[in-house]
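This report introduces a single protein structure to a reader who is new to the subject. Please keep the sequence and the 3D view at hand while reading.

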Amino acid sequence: MHSTCHLNGYASEGYTLPALGYDASALENFLDRETVHLHHQKHHAAYVHGANLATAQLREIADGSLPLVMARIVTQHLTFHVAGHILHSIYWKSISPMPHNTPEGTLAEAIARTFGSYEHFLRLFTQLASSVQGSGWVVLGVEGLSQQLSLATLHQHQQELPPCFIPLIACDLWEHAYYLRYHNDRERYIAAFVAQLDWTYAQQQYTACHAQH
Ligand code: MN3
């Protein structure tokens, strides 16, 4: 049986908000300090809190402290919040103040093999990001069964994502991610995100996934 990929660096007791890894004002070329601060300390933190709350509620449903009929809605809450937490954790690692802006090594080879070239990948990624309606994400990931690179567009945080999909690069397309600086010009935000891409984490994650097989 195949072992499953895991997200590097996030194993912990319960769900915890990871540190940004850089100052909230360090991305000024891309995003203002207020956007980064609110996004991390309020929005991302709320998903962490929601994931822990839903986990505790499931335990209480199981022991009879809460009504059994709540099980379905609470698991839906759990999925929503855990997915939000995971994607935001990847988002903060997808960008950096001093980005390694070009993929290298085995990941670069896989991108060229899968999409034709890095330029073709960027064209596709940008188009998919632009095509998301309402709140959602565009994600480059590894499909865990066949270990192929794959692209996904998500509605909210969790809808339209195949199972066993390990995200490498994630672009948040919810309005809270960009509205203070870019207002309704999401295209400009997407282009700025691509310019700020850092492939360091994606390469580590991709290598770790393949090392398990
Ligand atoms: Mn967000």
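The following text treats a metal site, a pair of helices and one residue in a strand.

**The metal site.** The structure is a predicted model. Which residues supply the protein donors of the manganese ion? They are His39, His88, Asp172 and His176, and their donor atoms lie 2.0 to 2.2 Å from the ion. The table lists each residue with its donor atom.

| Donor residue | Donor atom |
|---|---|
| His39 | NE2 |
| His88 | NE2 |
| Asp172 | OD |
| His176 | NE2 |

Along the sequence, these donor residues follow the spacing H-x48-H-x83-D-x3-H. His39 belongs to helix H1 (residues 33-62), whereas His176 sits in the loop between strand S3 (165-172) and helix H5 (179-182), so this pair ties together parts that are 137 residues apart in sequence. His39 has a relative accessibility of 1% and therefore counts as buried, the limit for that class being under 20%.

**The helix pair.** Two packed helices are described by the angle between their axes and by the distance between those axes. For H1 and helix H2 (residues 71-94), the angle is about 145° and the axes are 8 Å apart. Their crossing is left-handed. The contact of H1 with H2 comprises 15 nonpolar and 13 polar residues, with no charged residues.

**A residue in a strand.** Leu151 is part of strand S2 (residues 148-155). Leaving aside residues up to four places away in sequence, Leu151 touches Phe115, Phe121, Leu124, Phe125, Leu128, Val139 and Leu140. Leu161 is 10 residues from Leu151 in sequence, and the two are 9.6 Å apart in space, C-alpha to C-alpha.

Note on methods: Residues numbered from 1 in each chain as written. Predicted model: local features only at pLDDT ≥ 70, side-chain atom pairs only at ≥ 80, totals over all residues. Heavy atoms only, no water. Helix = DSSP H or I, 4+ residues; strand = E, 2+ residues; numbered from the N terminus. Contact = heavy atoms within 4.5 Å. Donors = N, O, S within 2.8 Å, 3.2 Å for Na, K, Ca; no water. Buried < 20%, exposed > 50% of the residue type's maximum accessible area, 1.4 Å probe, protein only. Axes fitted to C-alpha atoms, helices over the stretch in contact; angles between N-to-C directions. Left-handed = near helix turned anticlockwise from the far one by under 90°. Nonpolar A, V, L, I, M, F, W, Y, C, P; charged D, E, K, R; others polar.
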